[in-house]
Amino acid sequence: MRDRTRELRQASGSSSEDEEGDDGGTMASTALNPLLQAGRVRAALRALELKVEALEQLQEAALGSPLPPEGQQRDLQLHRDEIQELTQEIRCRLRGATHGAP
């Protein structure tokens, strides 16, 4: 199985400054890779939590009015779509973390 650390860093937008030319630096950067992935997953989960809270507030406001305006319905759908995209991203990151674990 080949090491895809460099490809994953490029895909996630990380710079190559973390890598060093000798084997010792590469070993250290690959050891930090799972920790970086875990930090990114945790940050994405926090963002998801905030988006869900915002959606709940919008839903409560919509349920509180007899006939919610059209703009409010669009906002609700937009929040739902953003939550779905974020959950897809989190799933991908978790799969990458579990497949990349030694």
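Accessible areas in this report come from the Shrake-Rupley method with a 1.4 Å probe. By that method the chain, which is a predicted model, exposes about 7800 Å². Carbon and sulfur atoms supply 54% of that area.

**Overall layout**

The chain has 102 residues, of which 17% are buried. It contains 3 helices and 0 strands, and the order of elements from the N terminus is α-α-α. Helix 1 covers residues 5-12, helix 2 covers residues 23-64, and helix 3 covers residues 70-100. Among contacts with a separation of 6 or more, 61% are between residues 24 or more positions apart.

**Confidence**

The average pLDDT of the chain is 78, and 66% of the residues score at least 70. The value depends on the element: helix 3 has the highest mean, 90, and helix 1 the lowest, 60. Over residues 14-22 the pLDDT stays under 50. For this stretch the model has 8 contacts beyond four places in sequence. Where pLDDT is low, the predicted coordinates should not be read in detail.

**The nonpolar core**

Which residues make up the largest nonpolar core? There are 8 in all: Ala44, Leu48, Leu55, Ala62, Leu76, Ile83, Leu86 and Ile90. Helix 2 and helix 3 are the elements that give two or more residues to this core.

Leu86, one of the core residues, can be followed through its contacts. With neighbours within four places in sequence left aside, Leu86 is in contact with Ala44, Ala47, Leu48 and Lys51. Ala44 and Leu48 are also listed in the core.

Ala62 is another member of the core and lies in helix 2. Is Ala62 buried or exposed? Its relative accessible area is 10%, and buried means under 20%, so Ala62 counts as buried. Leaving aside neighbours within four places in sequence, Ala62 is in contact with Pro68, Gln72 and Leu76. Of these contacts, Leu76 is listed in the core as well.

**Ala62 and Gln72**

Gln72 lies in helix 3. At 16% relative accessibility, Gln72 is below the 20% cut-off and therefore counts as buried. Gln72 and Ala62 are 10 residues apart along the chain, and their C-alpha atoms are separated by 7.2 Å. Outside the four nearest places in sequence, the contacts of Gln72 are with Leu58, Ala61, Ala62 and Ser65.

A second pair can be described by its C-alpha separation. Glu56 is placed in helix 2 and is partly exposed, at 44% relative accessibility. Between the C-alpha atoms of Glu56 and His79 the separation is 9.8 Å, and the two residues are 23 apart along the chain.

**Salt bridges**

How many salt bridges does a search of the whole structure find? The search finds 3, and the table gives the N to O distance for each pair.

| Pair | Closest N and O atoms |
|---|---|
| Glu49 and Arg46 | 3.0 Å |
| Lys51 and Glu82 | 3.3 Å |
| Glu89 and Arg93 | 2.9 Å |

The side chains of Lys51 and Glu82 meet in a salt bridge. Lys51 belongs to helix 2 and Glu82 to helix 3, so this pair ties together parts that are 31 residues apart in sequence. Lys51 is partly exposed, with a relative accessibility of 28%. Glu82 is partly exposed too, at 27%. Lys51 also appears among the contacts of Leu86.

Glu49 forms a salt bridge with Arg46, and both residues lie in helix 2. They are 3 residues apart, about one turn of the helix. Glu49 has a relative accessible area of 39% and is partly exposed. Arg46, at 43%, is also counted as partly exposed.

Where do Glu89 and Arg93 lie? Both are in helix 3, and because they are 4 residues apart there, about one helical turn separates them. Glu89 is partly exposed, with a relative accessible area of 34%. For Arg93 the value is 31%, which is again partly exposed.

Conventions:
Residues are numbered from 1 along each chain as its sequence is written. This is a predicted model: local features need pLDDT of at least 70, side-chain atom pairs count only at pLDDT 80 or more; totals for chains, interfaces and linings use all residues. Side-chain values use heavy atoms; hydrogens and water are left out. Buried means under 20% relative accessible area, exposed over 50%, partly exposed in between (1.4 Å probe, protein chains only). Contact means heavy atoms within 4.5 Å. A salt bridge is a side-chain nitrogen of Lys or Arg within 4 Å of a carboxyl oxygen of Asp or Glu. pLDDT is the predictor's confidence in each residue, from 0 to 100. A nonpolar core is a set of buried Ala, Val, Leu, Ile, Met, Phe, Trp, Tyr and Cys residues joined through side-chain atoms within 4.5 Å.
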